Amino acid sequence: MNQQELKRTAARKAVEFVPENEYIGIGTGSTVNLFIEELAAGGKRIKGAVSTSSATSALLAKFEIPEVALREVIRLGVYIDGADEINHSLQMIKGGGGALLGEKIVASASDKFVCIADESKYVAQLGRFPLPVEVIPSARSLVARQLLKLGGEPELRVGFTTDNGHEILDIHHLDINQPLALEDEINKITGVVENGIFARNGADVLILGRASGAEVIHIR
Ligand code: 5RP
C-alpha cells in the first residue's frame with residue numbers, strides 16, 4: 001500500500017467515530033480531504049461541520065456537507081484531523097498545511113479529538129518534522145531570535161500567508177522531549193500567535209492507517 005492508501009484506510013475508519021445528528025469539527029490536509037470524501041460517501045447525517053481552513057471549506061461545499069461557524073455552536077461531538085507527527089502519548093506536531101491556529105481553536109471546542117494518520121507519522125519523539133510557529137509578520141525576526149535561543153533553527157515559509165494573515169516560521173532541530181512545557185514556552189514569546197505542538201489538547205484517539213488495516217489507539 002502506498003501512503004495515500006494508508007491515509008484512506010485511516011480516513012475511512014474515522015467515519016465510524018462521527019456521531020449522527022451532531023456538529024463536528026474538521027481539520028485540514030490531505031488525510032482530512034480523504035475523510036471528507038469518505039464521510040460524503042458513507043451517507044452519515046451530521047448537523048454541520050466547523051471548518052479549520054478555506055481549503056477544507058471548499059471541499060465541504062463540493063460534497064454538500066453543511067458548514068457552520070464556530071460561534072454558532074456550543075459544542076462539537078468530535079474533531080477529526082491529521083498530524084505531521086504523533087507520539088505514543090498522542091501529542092502532535094501539526095501545521096504542515098499552515099492551518100494550526102484554526103485547528104487548535106476548533107480542537108479545543110470539541111469533546112473528542114480523533115487523529116487520522118498513516119503509520120509513518122507515529123513516532124517515539126516529536127521533532128524530526130520542523131515545528132510550525134505562526135507569527136505576526138512585523139515581529140518575525142524578533143521571534144526568530146528567541147527561537148534560536150531555544151536551540152531551534154527557524155526558517156521562514158517563503159511566500160506563504162495563513163488564512164489569518166500571519167506568517168509561518170518552521171523550526172528545525174528543536175529538542176521536544178517535554179512537549180507540554182515547550183508548547184507553553186513558545187506561546188509566551190511576544191509576536192507568536194500559536195505554535196504547532198498539540199500537547200495541552202492532544203488527541204484522544206489515533207487511527208493509524210497500516211498495511212494490515214486501521215489500528216485504533218486510545219489514550220484516555
Ligand atoms: C495542517 C495540518 C495537517 O493535519 C498535517 O499537516 C497533516 O497533513 P496531511 O494529512 O496532508 O499529511 O496540521 O495544518
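**Exercise 1. Is threonine 162 buried, partly exposed or exposed?**

Solution. Threonine 162 has a relative accessible area of 5%. The cut-offs are under 20% for buried, over 50% for exposed and partly exposed in between, with a 1.4 Å probe and protein chains only. Threonine 162 is therefore buried.

Next, place the residue. Threonine 162 sits in the loop between strand S8 (153-156) and S9. Helices (H or I, at least four residues) and strands (E, at least two) are DSSP runs, numbered from the N terminus.

Last, list the neighbours. Leaving out residues up to four places away in sequence, threonine 162 touches Gly98, Glu134 and Ile168. Contact here means heavy atoms within 4.5 Å.

Ground rules for every exercise: the model is predicted, local features need pLDDT of at least 70, side-chain atom pairs count only at pLDDT 80 or more, and totals for chains, interfaces and linings use all residues. Residues are numbered from 1 along each chain as its sequence is written, and side-chain values use heavy atoms, with hydrogens and water left out.

**Exercise 2. Describe the largest nonpolar core and find which element gives the largest share of it**.

Solution. Start with the rule. A nonpolar core is a set of buried Ala, Val, Leu, Ile, Met, Phe, Trp, Tyr and Cys residues joined through side-chain atoms within 4.5 Å. The largest such core has 23 residues. Those with the most contacts inside this core are Ile24, Ile26, Phe35, Ile36, Leu39 and Ile116.

Now assign elements. Two or more residues come from each of helix H1 (3-14), strand S1 (23-26), helix H2 (30-42), helix H3 (54-62), strand S3 (78-81), strand S6 (113-118) and strand S12 (205-210). H2 gives the largest share, 5 residues.

Then check one member. Beyond its neighbours within four places in sequence, isoleucine 116 contacts Ala10, Ala11, Ala14, Thr31, Val32, Phe35, Ile80, Asp81, Gly82, Ala83 and Ile207. A second, separate core has 21 residues, including Ile86, Cys115, Ala203 and Leu206.

For background: in soluble globular proteins, nonpolar side chains tend to be buried together.

**Exercise 3. Which parts of the chain do the salt bridges of arginine 75 and glutamate 38 link?**

Solution. A salt bridge is a side-chain nitrogen of Lys or Arg within 4 Å of a carboxyl oxygen of Asp or Glu. The count is 15 salt bridges.

Step one: glutamate 38 and arginine 8 pair at 2.7 Å, N to O. Glutamate 38 is in helix H2 and arginine 8 in helix H1, 30 residues apart. Glutamate 38 is buried at 12% relative accessibility. Arginine 8 is partly exposed at 24%.

Step two: arginine 75 and aspartate 111 meet at 2.3 Å, N to O. Arginine 75 lies in the loop between H3 and S3, and aspartate 111 in the loop between helix H4 (100-108) and S6, so the pair ties together parts 36 residues apart in sequence. Arginine 75 is partly exposed at 42%. Aspartate 111 is partly exposed too, at 46%.

Step three: compare a further pair. The closest N and O atoms of glutamate 167 and arginine 140 are 2.9 Å apart. Glutamate 167 is in strand S9 (residues 167-172) and arginine 140 in helix H5 (residues 140-149), 27 residues apart. Glutamate 167 is buried at 16%. Arginine 140 is partly exposed at 30%.

Step four: look for shared partners. Arg8, Arg12, Glu37 and Glu38 join into one network.

**Exercise 4. How many residues surround the ligand, and how much of its area does the protein cover?**

Solution. Count residues with a heavy atom within 4 Å of the ligand. There are 17, the closest being Ser30, Thr31, Asp84, Gly95 and Lys121.

Next, find polar contacts: pairs of N or O atoms within 3.5 Å; within protein, one must be able to donate a hydrogen and the other to accept it, and residues adjacent in sequence count only if both atoms are side-chain atoms. Ligand oxygen atoms supply these distances:

- Serine 30, side chain: 2.5 Å.
- Lysine 121, side chain: 2.7 Å.
- Glycine 82, backbone: 3.3 Å.

Finally, take the area. The ligand on its own has 380 Å² of accessible area, and the protein covers 91% of it. Areas come from the Shrake-Rupley method with a 1.4 Å probe; for residues, only the protein chains shown count as cover.

Methods: A residue is near a molecule or strand if one of its heavy atoms lies within 4 Å of it.
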